[in-house]
Amino acid sequence: MLEVKNLTVCYDTAMLLNEVSLKVNRGELVGLVGPNGAGKTTLMRAISGLVLWERQMKRGTRAGNITLTGEVYFQGQRIDGLPPHRIARMGLVLCPERRRPFSELSVEENLKAGAYRVRGRRAYRDTLELVYQMFPVLQKRARQVSATLSGGEQQMLALGRALMTRPVLLCIDEPSTGLSPLIKGELFAKIGEINRSGITMLLVEQDVRQTLAMAGRSYILSHSKIVAQGKKDELMADETIRQSYLGL
Amino acid sequence: MLANILVTTLVNGAAYAMLAVGFSLIFGVGRIINLAHTAYYMLAGYSIFTLVRVAGLAYVPAMALSILLVTVVAVLCYKLLIDPMREHETTVLIITIALALVFQELMLKYFGGHFRSVPGVAEGSLSILGVQVTRQQAITCAVLAVILAAVWLLLHRTRFGLAVRATAQDMEAANLMGMDVSRIATLTAAVSAALSAAAGALVAPLNILEPHMWLNPLTIILAIIVLGGMGSIKGSIYGAAIIALSESLVIFLIPQGSFLKGAFSLLIMIIVLLIRPEGLFGVALEGER
């Protein structure tokens with residue numbers, strides 16, 4: 001469903017991704033783990049089109065000196081080079097790092113914004129109902145301004161908003177950062193549930209143990225490169241990988 | 001006296017609010033400080049003047065046509081001059097002030113520096129709360145209020161309005177929701193200019209037209225924006241009300257104080273900047289990379 005081929009991204013003179021290739025098949029939950037600064041978020045931003053958009057927005061300045069080479073295919077179509085809104089409309093949706101809710105909008109307006117491309121009142125109602133079923137707390141807080149939600153609730157909102165777009169492939173960037181172990185557990189359970197409901201997923205996480213346990217396959221990204229990939233057992237069987245990258 | 005202050009506040013406040021809301025909209029969505037914003041207000045005044053006095057149109061069709069014309073000019077300016085430079089904030093300031101000056105010089109060239117006036121739709125006056133209000137003032141104020149309400153509805157009750165507010169808060173997240181932010185910014189530029197033109201068109205019969213008429217409202221809306229908070233629509237409306245009220249207070253309570261009103265607005269702006277730089281309803285711009 002998603003295929004990344006030899007993706008290289010440079011910001012000015014820093015190479016943030018170096019010949020990265022990965023594949024996500026229909027229905028899978030693929031994990032992407034790795035240390036801080038490995039390039040996980042950059043990879044998400046490159047796939048969703050935000051890297052090129054950033055280049056466009058900062059053109060003419062040093063920060064806009066961004067190069068991106070390689071190919072990204074989504075459902076057989078080449079998408080590197082497309083603007084982010086076009087990629088999102090195709091069904092490849094990123095639930096961004098730090099949640100990024102529209103903070104002055106109410107919870108319900110945030111969800112409505114997610115459904116921006118969903119046509120028809122009925123389709124909107126149905127999706128909203130599904131999201132409320134999955135995250136009852138959002139219904140309870142529907143009229144509340146989203147900036148006043150707790151961290152866990154904001155993450156639920158970010159996920160709910162992403163679901164409102166009716167994604168085919170959902171990329172989630174570091175959903176568990178800054179959450180308590182209890183909320184984390186709840187969140188991972190929801191993520192598994194979303195995947196089982198038929199949405200393919202690419203999950204970027206710091207929490208290696210949880211991610212490997214949930215994901216069918218995982219990639220390890222370190223120093224801008226994919227250093228290993230495979231099922232949990234395969235990754236754990238390799239002593240070097242286990243100790244130097246997974247810390248387990 | 002009190003009633004006089006109230007009426008002046010209402011008429012001026014509504015016009016300021018309309019200018020400030022438009023200014024805030026394009027700042028919020030495009031992060032563009034458009035110093036040419038009130039030049040559109042001036043252009044609309046001159047356009048009405050030309051259509052009414054030279055072409056002989058009636059006031060209402062002239063007004064509609066003027067708003068349309070000015071909006072088209074503004075969108076062209078946005079697309080050709082402002083949008084390509086958007087990421088360079090200082091350059092945008094220079095471009096927009098240059099635009100305003102170009103419009104001013106063009107008006108000077110074609111209409112000269114004389115004071116001009118535009119006839120209104122209604123003659124005579126009526127008495128509200130014991131104050132003599134000209135019919136033109138009353139109509140202007142009512143129409144301004146209706147337009148402001150319509151803008152509020154547009155922002156809060158329509159899909160486009162939701163996209164505008166979402167984009168203003170987080171452009172990247174808006175992108176990820178499938179919103180075409182550059183198209184939304186262009187549409188917002190059009191709405192913003194149309195509001196400025198409408199304010200100009202409505203106020204034209206009450207004011208004198210002259211080529212420098214954009215400068216004074218520009219400084220006042222800057223004071224309003226600082227007071228209300230950058231990019232906040234609610235802040236713009238409250239800010240406009242407060243500045244308009246303080247202006248009327250200065251005019252009516254200080255003997256021969258009307259020349260002080262601009263200074264007073266700017267004094268408020270400086271005090272706000274010192275005490276609460278983010279303004280009444282402003283939000284610190286965070287979460288942008």
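Accessible areas were obtained by the Shrake-Rupley method with a 1.4 Å probe, and for residues only the protein chains shown count as cover. On this basis chain A of the predicted model has an accessible surface of about 10900 Å², of which 48% belongs to carbon and sulfur atoms. The model is a predicted one, in which local features need pLDDT of at least 70 and side-chain atom pairs count only at pLDDT 80 or more, whereas totals for chains, interfaces and linings use all residues. Residues are numbered from 1 along each chain as its sequence is written, chains are lettered from A and ligands numbered from 1 in the order in which they are written, and side-chain values use heavy atoms, with hydrogens and water left out.

The C-alpha trace of chain A spans about 50 × 45 × 35 Å along its principal axes. The radius of gyration, taken over C-alpha atoms and set against a globule rule of 2.2 Å times the number of residues to the power 0.38, is 18 Å for chain A, which agrees with the value near 18 Å for a compact globule of 248 residues. Of these 248 residues, 55% are buried, that is, under 20% relative accessible area with a 1.4 Å probe and protein chains only.

Chain A contains eleven helices and ten strands, defined as DSSP runs (helices H or I, at least four residues; strands E, at least two) and numbered from the N terminus. Six strands form an open sheet of mixed pairing in the order β6-β7-β8-β3-β9-β10, where two strands pair if DSSP finds at least two bridges between them. The edge strands of this sheet are β6 (92-95) and β10 (225-230). Within it, β3 (residues 29-33) and β9 (residues 217-222) are parallel partners over four bridges, and V33(A) stands opposite I220(A) in β9(A).

An open sheet of four strands, with antiparallel pairing, has the order β2-β1-β4-β5 in chain A, and its edge strands are β2 (14-24) and β5 (77-78). Strand β1 (residues 2-11) pairs with β2(A) in the antiparallel sense over seven bridges, and Y11(A) has A14(A) as its bridge partner in β2(A).

Between chain A and chain B, 34 residues of the former are in contact (heavy atoms within 4.5 Å) with 27 residues of the latter. The buried area, the accessible area (1.4 Å probe) that two parts lose on being put together, summed over both, is about 3000 Å² for these chains, with carbon and sulfur atoms giving 55%. In chain A, R100(A), F102(A) and Y116(A) lose the most area to chain B, together 25% of what that side buries.

Technical notes:
Buried means under 20% relative accessible area, exposed over 50%, partly exposed in between (1.4 Å probe, protein chains only).
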